[in-house]
Amino acid sequence: MKKVLLLINLLIISITTAQTSDDNEGALITDRPDVTESPFTVGKGNFQIETGATFIDNSENGLKITETVYNTTLLRYGLSSNFELRLGWDFLNANTKDGSQELFDVTGFNPLLIGAKIEITDENGWIPQIGLLTHLRLPFTAVGEFKPENTSVELIFAFNHTLTDRSGIGYNLGTRTGSDGSLEYIYSVSYGHSITDTIGVYGELYGDFPEEGKSAHLWDAGITYLVNNNFQLDATVGTGFQDSNTQQDLLFSIGLSYRILKK
């Protein structure tokens, strides 16, 4: 299966033409702050920066585990009206304590993410907007403590339904390989509502079903502020369900997205 996902990932990067759509030069559409990826690309010749900081507080078997991501930058560039390239790299600190005793403290880069997104079809009645994303996470680009044994491959189908002129629902279904090479099946569903033309809110459920180990299920909610059609601010708070494997007590994130339109 891993070889199949890798082949699909390489093939989609070679695609530059398919069903066409608008160049997406209306209001900004981002893949943050929620986990759910949108099916929309950034449009031909457009360049989009999505970045932020995240704090995650976990507890497990009496241990306090915190992760502070100082930089969650994702860069997106449109090669055509329905196809984009993606590059992401996280810089973070991971810390584990047993009471007052520090067991682990490392700062550095996570594996580099490279990938692509393609819009498959436009929304039409009961048929949702559909997109396909593929990513590779490269182990050799991470510091030693964050370096997985294998290259991670990710394949996600992204869907979006317009409910009203101010609300919609997006959801993802996909799979990825874990650090040990086993498959994880992933899902997310997010409801978004525009309070005004500039302020939006959302709520989301997401998680995974790994072949090895227990599943994880989490939720988050957030707010976005559209400064203008090309600049957006966001904030998110979330946690895990206490009976899940994640033991996530708190997630807090702030960020921004900025689009540079083609000349």
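This section describes two buried residues and a group of aromatic side chains in a predicted model. Residues are numbered from 1 along each chain as its sequence is written, and side-chain values use heavy atoms, with hydrogens and water left out. Because the model is predicted, local features need pLDDT of at least 70 and side-chain atom pairs count only at pLDDT 80 or more, whereas totals for chains, interfaces and linings use all residues.

Histidine 135 lies in strand β6 (residues 129-138); strands (E, at least two residues) are DSSP runs numbered from the N terminus. Histidine 135 has a relative accessible area of 2% and is buried (buried, under 20%; exposed, over 50%; partly exposed, in between; 1.4 Å probe, protein chains only). Its side chain makes polar contacts with the side chains of arginine 86 at 3.0 Å and glutamate 154 at 2.8 Å. A polar contact is a pair of N or O atoms within 3.5 Å; within protein, one must be able to donate a hydrogen and the other to accept it, and residues adjacent in sequence count only if both atoms are side-chain atoms.

Serine 257, in strand β13 (residues 248-260), is likewise buried, at 0% relative accessibility. Beyond its neighbours within four places in sequence, serine 257 contacts (heavy atoms within 4.5 Å) residues including Leu28, Glu50 and Phe231.

Six aromatic pairs are present. In one, tyrosine 70 and phenylalanine 91 are tilted, at 6.3 Å centre to centre and 40° between the planes. Rings of Phe, Tyr and Trp (its six-membered ring) pair if their centres lie within 6.5 Å; planes under 30 degrees apart count as stacked, over 60 as edge-to-face and the rest as tilted. Tyr70, Trp89, Phe91 and Phe109 form one aromatic cluster.

Note on methods:
Helices (H or I, at least four residues) and strands (E, at least two) are DSSP runs, numbered from the N terminus.
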